[in-house]
Amino acid sequence: MGSSTNFNPCYVNVLLPFFLVLAANATHKNFFLPRPRIGYYGSACWNVESIVRSVVESNYLANPANAPGILRMHFHDCFVQGCDASVLLAGPNSERTAIPNLSLRGFNVIEEAKTQLEIACPRTVSCADILALAARDFVSLAGGPWWPVPLGRLDGRVSLASNVILPGPTDSVAVQKLRFAEKNLNTQDLVVLAAGHTIGTAGCVVFRDRFFNYDNTGSPDPTIAPSFVPQIQAQCPLNGDPATRVVLDTGSGDQFDTSYLNNLRNGRGLLESDQVLWTNPETRPIVERLLGLRFPFLIFGLEFARSMTKMSQIEVKTGLDGEIRRVCSAVN
């Protein structure tokens, strides 16, 4: 009986780190509630969305290219280890150093929002949530839909370039479907999220061969509209700068709309991975349905918001799996 009251000091050494980590993460009363969810922060940071929105607005006015930059960053983050802001971590061999991420832009926008939130609500709002909110707000400012963003993600502690496996600009529909299915996203999500290319640009190095020497044939990709070939060849000549940027959605590169879908129908998709969404018999009906509706932009906006909400909850870190970073570019 006496043994039941014995105290083993070793237990302190085992349990103390656990409780320290728990205390470090449980910075407000909502820590143990389900996440992510709408209105997660409540009174712990009641103005989180207005603070992020203000930062986004000023940076959009300064440079509208921040809109596709942050949208792409959010996509790249969620497709590698989930939506945990691991793409924001700096350092050798981090996700930032992977080839697909070298052209990411907008890190300063997220850090600016984080700095302001640390003043208003110290150690409360995760960088992952800031990125999700900023992506939504930039899309809205570019003319796209607004949607409620579930919040409560934690920031990851691991960021490795070797983990970066993303859908590529020359991927077939089969490969793209595989990449999306791995994240519990379906073919509808694939088409709708790819249509985020309605804003933004791509470097000539990514697609130039398609317009000059497709698949080593010595000729352009035959699925490209003949009138579109010389237009892109002039912007990306063989001896030109491979870093030159060209709008993904010809004729409407800064406006979030359905022009991208129309371009696919007309053989004017810049990337092979985009154009195959029209030529493939499984994805083409989805594009046709979105274009054939009475109010195509309204329905596309609703579908985009739904797929973005779904994507933003991929492999979310909770509990002891993550933290609330003080600075988005470094773990605590």
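Which residue does UniProt list for "active site" (unreviewed entry)? The residue is His 76. This is a predicted model. Its largest pocket holds about 960 Å³ of space. Both His 76 and His 197 are among the residues closest to the centre of that pocket.

**The largest pocket**
- The lining of the largest pocket comprises 39 residues.
- Closest to the pocket centre are Arg 72, His 76, Pro 167, His 197 and Leu 271.
- By class, the lining divides into 24 nonpolar, 11 polar and 4 charged residues.
- Domain 1 (47-163) and domain 2 (173-311) each give at least three residues to the lining.
- Helix H3 (66-78) supplies the largest share, 6 residues.
- At least two lining residues also come from each of helix H6 (173-181), helix H7 (187-194), strand S1 (201-203), helix H8 (204-212), helix H11 (272-279) and helix H13 (296-311).

**His 76**
- His 76 sits in helix H3, the element with the largest share of the pocket lining.
- The "active site" label on His 76 comes from an unreviewed UniProt entry.
- His 76 counts as buried because its relative accessibility is 8%, under the 20% cut-off.
- Leaving out residues up to four places away in sequence, His 76 touches Pro 100, Asn 101, Leu 104 and Leu 166.

**His 197**
- The UniProt annotation "binding site", again from an unreviewed entry, covers His 197.
- His 197 lies in the loop between H7 and S1. Both H7 and S1 supply at least two residues of the pocket lining.
- With a relative accessible area of 26%, His 197 is partly exposed, because partly exposed runs between the 20% and 50% cut-offs.
- Outside the residues up to four places away in sequence, His 197 touches Leu 248, Asp 249, Tyr 260, Leu 271 and Asp 274.
- One of these contacts, Leu 271, is also among the residues closest to the pocket centre.
- Another contact of His 197, Asp 274, falls within helix H11 (272-279).

**Helix H8**
- Helix H8 (204-212) is one of the elements that supply at least two residues of the pocket lining.
- The buried residues of H8 are Cys 204, Phe 207, Arg 208, Arg 210, Phe 211 and Phe 212.
- These buried residues pack against S1, helix H9 (228-235), strand S2 (245-247) and H11.
- Of these partners, S1 and H11 also appear among the elements that supply at least two residues of the pocket lining.

Notes. Residues are numbered from 1 along each chain as its sequence is written. This is a predicted model: local features need pLDDT of at least 70, side-chain atom pairs count only at pLDDT 80 or more; totals for chains, interfaces and linings use all residues. Side-chain values use heavy atoms; hydrogens and water are left out. On a 1 Å grid over the protein atoms alone, a cavity is a set of points where a 1.4 Å probe fits but cannot get out, and a pocket is an open set with protein on both sides within 12 Å along at least five of seven lines; lining residues have an atom within 4 Å of a point. Grid points are joined across faces, edges and corners, and a volume is the space filled by probe spheres set on the points. Helices (H or I, at least four residues) and strands (E, at least two) are DSSP runs, numbered from the N terminus. Ala, Val, Leu, Ile, Met, Phe, Trp, Tyr, Cys and Pro count as nonpolar, Asp, Glu, Lys and Arg as charged, and the others, Gly among them, as polar. Domain bounds come from an automatic or database domain assignment. UniProt positions are given in the numbering used here, feature names are shortened, and annotations may be inferred rather than shown by experiment. Buried means under 20% relative accessible area, exposed over 50%, partly exposed in between (1.4 Å probe, protein chains only). Contact means heavy atoms within 4.5 Å.
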